Amino acid sequence: MTDLVFRKSSYSGQDQDCVEVADLPCGAAVRDSKNLARGHVPFPVAEWSAFLTSACASQS
């Protein structure tokens, strides 16, 4: 998958060292912005949804 469009969180500010995410048809892909050569890690929808639910809950 070379056509993934990665984006960083708005919480990352201007820092170039962040984790980036791209939408997948069946979930999301995550990569380290300072080490692009290492590729990305795909997560299925259920795992990505559980992560987002947990992350949002911890921000409340």
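**Exercise 1. Identify the bridge partner of Val21 in S3, and then place the pairing in its sheet.**

Val21 has Val30 as its bridge partner in S3. The model is predicted: local features require pLDDT of at least 70 and side-chain atom pairs pLDDT 80 or more, while totals for chains, interfaces and linings use all residues. Residues are numbered from 1 along each chain as its sequence is written, and side-chain values use heavy atoms, without hydrogens and water.

Step 1. S2 (residues 19-24) and S3 (residues 27-32) pair in the antiparallel sense over six bridges. Strands are DSSP runs (E, at least two residues), numbered from the N terminus, and two strands pair if DSSP finds at least two bridges between them.

Step 2. Two residues stand between S2 and S3, which form a hairpin.

Step 3. On S1 (residues 7-8), which runs antiparallel to S2 and is joined to it by two bridges, Arg7 has Val21 as its partner in S2.

**Exercise 2. Determine which salt bridges involve Arg7 and Glu20, and classify the residues by accessibility.**

Step 1. A salt bridge is a side-chain nitrogen of Lys or Arg within 4 Å of a carboxyl oxygen of Asp or Glu; the structure holds three.

Step 2. Arg7 meets Asp23 in one of them (3.3 Å, N to O). Arg7 lies in S1 and Asp23 in S2, 16 residues apart.

Step 3. Glu20 forms another with Arg31, at 2.6 Å between the closest N and O atoms. Glu20 is in S2 and Arg31 in S3, so the pair ties together parts eleven residues apart in sequence.

Step 4. Buried means under 20% relative accessible area, exposed over 50%, and partly exposed in between (1.4 Å probe, protein chains only). Glu20 is therefore buried at 14%, Arg31 partly exposed at 23%, Arg7 partly exposed at 41% and Asp23 exposed at 54%.

Methods. Helix = DSSP H or I, 4+ residues; strand = E, 2+ residues; numbered from the N terminus.
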